[in-house]
Amino acid sequence: MQVSLRLDSECVRAFHLMLLRRLAALAQVEVSVDASPVGSGIPGSAAALFQLETAIHGLPADGLAKRLPLSALAPYRTQPPASPDLVIDLCGDVKPEGTRVWRVTYDGAAGEAALLALILDGRTPIARIEESGVTVAEGRLGTEYGGIALASFQDMLARTASLILAAMTPSAMNGAARAALPVLPEPAQAGVPPQMPSATKLGIRAGKALARRVVQKIYHLCYNAPHWKVGWRQTNGRDLFDLRAHPATGWQVLPDDGSRFYADPFPILYQGQVTLFVEDYIHRLGRAIISAVPFGPSGPIGRPEPVLDLPYHLSYPFVFERDGEVWMVPESCANRTVDLYRATAFPGGWVKEATLLSDVVASDATLVEHGGLWWLFATVRDGGGAFSDQLHLWSAPDFRGPWTPHPQNPVLVDIASARPAGRMVKRGNDLLRPVQDCRRSYGAALGIARVAHLDLNGMEQVVETILTPGALWNGRKLHTLNEAGGLEFIDGSAIAPRWKQKRSPLT
């Protein structure tokens with residue numbers, strides 16, 4: 001199959017080279033480049049903003065937005081065939097004329113300048129690949145670096161490449177339909193895509209970015225940041241999947257001493273006792289371990305105590321009972337693995353039973369048994385980009401594996417509903433899935449999605465509810481949802497002054 005990539009010869013970036021390499025690595029694909037000037041690229045004033053952000057935020061200088069000479073395309077044929085089988089149009093100026101053309105757009109407009117204008121306007125762009133007006137693939141792009149134009153731009157370029165490559169998989173090329181992007185339960189952003197700000201406005205933005213960075217530095221001198229907190233309550237028979245709103249009674253908070261925070265609460269009812277597992281992040285170490293604390297109707301019995309400590313960061317302790325034993329799949333993306341542990345002396349004594357996935361940066365692995373198979377949901381940082389916007393699935397006959405990747409991976413690209421936020425639950429015939437809505441920032445809001453379809457042909461979900469912080473949960477974020485034994489847990493961010501850490505009773 002002959003594939004031609006249409007790009008602007010006056011603005012060749014590392015993104016283009018990465019995309020060409022990955023396209024050329026596909027079986028039976030021959031890649032060429034159609035490079036000529038477009039004249040509507042990113043202005044020099046925006047490039048100056050990128051340089052400033054690189055300096056003040058310590059961003060790498062060799063990211064996907066890095067400008068490259070035209071000669072970097074030399075390994076690829078720069079004279080495309082007269083009639084390629086497929087043209088991937090990144091500029092929006094290719095006319096079909098008997099050839100298949102995939103036009104890549106951001107909120108309906110083509111080109112990198114349109115993408116950057118949306119980012120600078122604070123939008124969450126929807127990227128689409130269209131052929132003759134029909135959507136081939138689409139995704140709601142995002143980043144964990146809101147407010148930093150360059151980082152956001154690079155993350156969204158990376159995920160644009162993911163969408164293109166997903167559309168090039170054999171199942172997609174053979175006509176397998178991809179799931180539509182979930183419609184969110186609030187009005188979508190509308191209107192004409194914004195124009196690139198003037199040089200003056202970009203200069204003002206650059207000045208504000210510098211001032212904001214100075215404030216952040218001062219803030220981090222005064223506070224342990226980020227700092228999260230865990231909320232809990234008795235459900236009295238009605239949890240958030242029933243209420244779809246914060247309970248009128250609000251939430252109680254699991255206390256910490258300020259030198260650490262607790263997040264990612266996962267309770268389990270085992271042998272008549274609710275035990276809560278948490279990410280236990282120690283500020284001075286800059287990484288987290290897994291700790292656990294028993295819970296009674298009145299709250300925690302003691303404080304969380306370490307149960308799993310490894311040389312790398314651990315979080316999201318997905319715990320479950322099976323075959324009379326308790327198992328855990330903690331997030332260990334810092335180790336590029338997804339591992340399965342078994343408790344030999346509950347709540348401790350964890351031993352590794354298997355590596356379920358290797359050589360993958362997978363966040364918040366969540367398992368569920370459905371339709372005669374086990375399924376593993378996780379967001380994957382593939383080829384760069386955000387950690388939270390690209391959902392991959394694997395299936396297995398048993399939770400121990402072997403795990404097989406879904407043929408349509410990524411099954412969903414959506415910063416508002418891809419990343420898991422806790423255990424999936426079954427209510428009647430419905431499979432409900434907590435999801436993270438990271439449009440404003442990482443872990444900013446919590447969604448509840450109904451999985452409408454899940455099998456080896458694909459996955460579809462409907463986002464039915466989005467919960468945000470407020471008077472009844474005054475943390476700045478809302479991030480995880482889990483329940484066991486009539487106790488329900490959430491988490492979100494808080495502020496922890498460095499000088500208000502509690503002293504040990506022995507000092």
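The following paragraphs describe two sheets and a helix pair in a predicted model.

Confidence in the predicted model averages a pLDDT of 90 over the protein, and 92% of the residues score at least 70. In residues 499-507, by contrast, the pLDDT is below 50. Beyond near neighbours in sequence, this stretch makes seven contacts in the model.

One open sheet comprises six strands in the order 2-1-3-4-5-6, and its pairing is mixed. Its edges are formed by strand 2 (30-36) and strand 6 (134-140), each of which pairs on one side only. From one strand to the next, the twist of this sheet averages 20°. Within the sheet, strand 4 (residues 100-106) and strand 5 (residues 126-131) run antiparallel and are joined by four bridges. Val104 has Ile129 of strand 5 as its bridge partner.

Helix 1 lies across three strands, namely strand 1 (2-8), strand 2 and strand 3 (86-89). The angle between helix 1 and strand 2 is about 155°.

Helix 1 (residues 14-24) also packs with helix 4 (residues 149-167). Two packed helices are described by the angle between their axes and the distance between the axes. For helix 1 and helix 4 the angle is about 20° and the axes are 10 Å apart. Angles under 35 degrees count as roughly parallel, and helix 1 and helix 4 are therefore roughly parallel to each other. The crossing of helix 1 past helix 4 is right-handed. On the side of helix 1, the contact involves Phe15, Met18, Leu19, Arg22 and Leu23. These residues meet Leu157, Ala158, Thr160, Ala161, Ile164 and Leu165 of helix 4. By class, the residues of this contact comprise nine nonpolar, one polar and one charged. Arg22 in helix 1 is the charged residue, and Thr160 in helix 4 is the polar one.

A further open sheet contains four strands, ordered 14-15-16-17, with antiparallel pairing. Strand 14 (315-322) and strand 17 (348-358) are the edge strands, and each pairs on one side only. Neighbouring strands in this sheet are turned against each other by 25° on average, direction ignored. The antiparallel strands 14 and 15 (residues 325-332 in the latter) are joined by six bridges. Opposite Phe318 stands Val329, a residue of strand 15.

How values were computed:
Residues are numbered from 1 along each chain as its sequence is written. This is a predicted model: local features need pLDDT of at least 70, side-chain atom pairs count only at pLDDT 80 or more; totals for chains, interfaces and linings use all residues. Side-chain values use heavy atoms; hydrogens and water are left out. Two strands pair if DSSP finds at least two bridges between them. Helices (H or I, at least four residues) and strands (E, at least two) are DSSP runs, numbered from the N terminus. Axes are lines fitted to C-alpha atoms, for helices over the stretch in contact, and angles run from 0 to 180 degrees between N-to-C directions. Angles under 35 degrees count as roughly parallel, over 145 as roughly antiparallel, 65 to 115 as roughly perpendicular and the rest as oblique. A crossing is left-handed if the near helix is turned anticlockwise from the far one by less than a right angle, and right-handed if clockwise. Contact means heavy atoms within 4.5 Å. pLDDT is the predictor's confidence in each residue, from 0 to 100.
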